[in-house]
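Work through the exercises below with the sequence and the model side by side. Try each task before you read its solution.

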Amino acid sequence: MVFRQLFSRQATPVQASLSAVSQVLPADAQQRLSARVTDSERLHCGEIRLCVEAAMPPSYVERQAPARERALSLFGKLRVWDTEHNNGVLIYLLLQDHAIEIIADRGFNRHVPQAEWTRITQRMCEPLRQGKYEQALGIALNDVTTLLATHFPPNPHRPRLNELPDAPVILG
């Protein structure tokens, strides 16, 4: 499942670079988000990856590829699709295009109606417009955690394997 939501910032647009991501999501915020992913994954057997990218690579820009295509590519490259229960989810934020993409693997997506993904991304938009990137990603994390805990609770008879890193992926 892929859902795209655009948000517009009232403030000055960020420049497309790795430092731009650090401006809106400093190292301490990245560490807090990583800890939140770790805490989330104790409540279910799914995997969550956060990815924040300043701007798409030139090869995507040259062919005017949509943010959705980039998010799908990263979903594969970051191996979010490769979880035991096919229940990984990528929350992708593209700063330059002001785009949000949430991609859930097939095992997870079959449990979640489109309206729910729409609700999550809409809840992210206002904090993003205000430049509160950590808060917006936290909203998505909380909502996705609730869905994963409902549909993929932890197995009390098997130790929890952390299949993917919990730290946000930051791309320039």
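**Exercise 1. Place Glu 41 in its element, then decide: is Glu 41 buried or exposed?**

Solution. This is a predicted model.
Step 1. Find the element: Glu 41 sits in helix α2.
Step 2. Check the accessible area. For Glu 41 the relative value is 3%. Buried means under 20%. Glu 41 is therefore buried.
Step 3. List what surrounds the residue. Neighbours within four places in sequence are set aside. Glu 41 then contacts Gly 46, Glu 47, Ile 48, Arg 160, Asn 162 and Asp 166.

**Exercise 2. Take strand β2. State how many of its residues are buried, and sort them by face.**

Solution.
Step 1. Count. In β2, 7 of the 7 residues are buried, so the rest of the structure largely encloses this strand.
Step 2. Recall the rule for strands. Side chains in a regular strand alternate between the two faces of the sheet.
Step 3. Sort. One side of β2 carries Glu 47, Arg 49, Cys 51 and Glu 53. The other side carries Ile 48, Leu 50 and Val 52. Both faces are covered.

**Exercise 3. Find the strands joined to β2 by bridges, and give the direction of each pairing.**

Solution.
Step 1. Look at β3. β2 and β3 run parallel and are joined by 7 bridges. One partner pair is Glu 47 with Gly 88 of β3.
Step 2. Look at β5, residues 169–171. β2 and β5 also run parallel, with 3 bridges. Here Cys 51 has Val 169 of β5 as its bridge partner.

**Exercise 4. Follow β3 into β4. Describe the pairing, the turn and the cover of β4.**

Solution.
Step 1. Pairing: β3 and β4 are antiparallel over 6 bridges. Leu 94 has Ala 99 of β4 as its bridge partner.
Step 2. Turn: the two strands form a hairpin, with 4 residues between them. In that turn, His 98 has a positive phi of about 55°.
Step 3. Cover: 6 of the 6 residues of β4 are buried. Ala 99, Glu 101 and Ile 103 are on one side, and Ile 100, Ile 102 and Ala 104 are on the other.

**Exercise 5. Which elements give two or more residues to the largest nonpolar core, and which gives the largest share?**

Solution.
Step 1. Start from the core itself. The largest nonpolar core has 36 residues. Phe 108, Trp 117, Met 124, Leu 137 and Val 144 touch the most other members.
Step 2. Name the elements: α1, α2, β2, β3, β4, α6 and α7 each give two or more residues.
Step 3. Pick the main contributor. The largest share, 9 residues, comes from α7.
Step 4. Look beyond this core. Another core lies apart, with 17 residues, including Ala 65, Ala 71, Leu 74 and Tyr 92.

**Exercise 6. Which residues line the largest pocket, and how do they divide by character?**

Solution.
Step 1. Volume: the largest pocket holds about 180 Å³.
Step 2. Lining: Cys 45, Glu 84, His 85, Pro 154, Asn 155, Arg 158, Pro 159, Arg 160, Leu 161 and Glu 163.
Step 3. Character: 4 are nonpolar, 2 polar and 4 charged.
Step 4. Link back to Exercise 1. Arg 160 lines this pocket, and Arg 160 is also a contact of Glu 41.

Key:
Residues are numbered from 1 along each chain as its sequence is written. This is a predicted model: local features need pLDDT of at least 70, side-chain atom pairs count only at pLDDT 80 or more; totals for chains, interfaces and linings use all residues. Side-chain values use heavy atoms; hydrogens and water are left out. A nonpolar core is a set of buried Ala, Val, Leu, Ile, Met, Phe, Trp, Tyr and Cys residues joined through side-chain atoms within 4.5 Å. Buried means under 20% relative accessible area, exposed over 50%, partly exposed in between (1.4 Å probe, protein chains only). On a 1 Å grid over the protein atoms alone, a cavity is a set of points where a 1.4 Å probe fits but cannot get out, and a pocket is an open set with protein on both sides within 12 Å along at least five of seven lines; lining residues have an atom within 4 Å of a point. Grid points are joined across faces, edges and corners, and a volume is the space filled by probe spheres set on the points. Ala, Val, Leu, Ile, Met, Phe, Trp, Tyr, Cys and Pro count as nonpolar, Asp, Glu, Lys and Arg as charged, and the others, Gly among them, as polar. Contact means heavy atoms within 4.5 Å. Two strands pair if DSSP finds at least two bridges between them.
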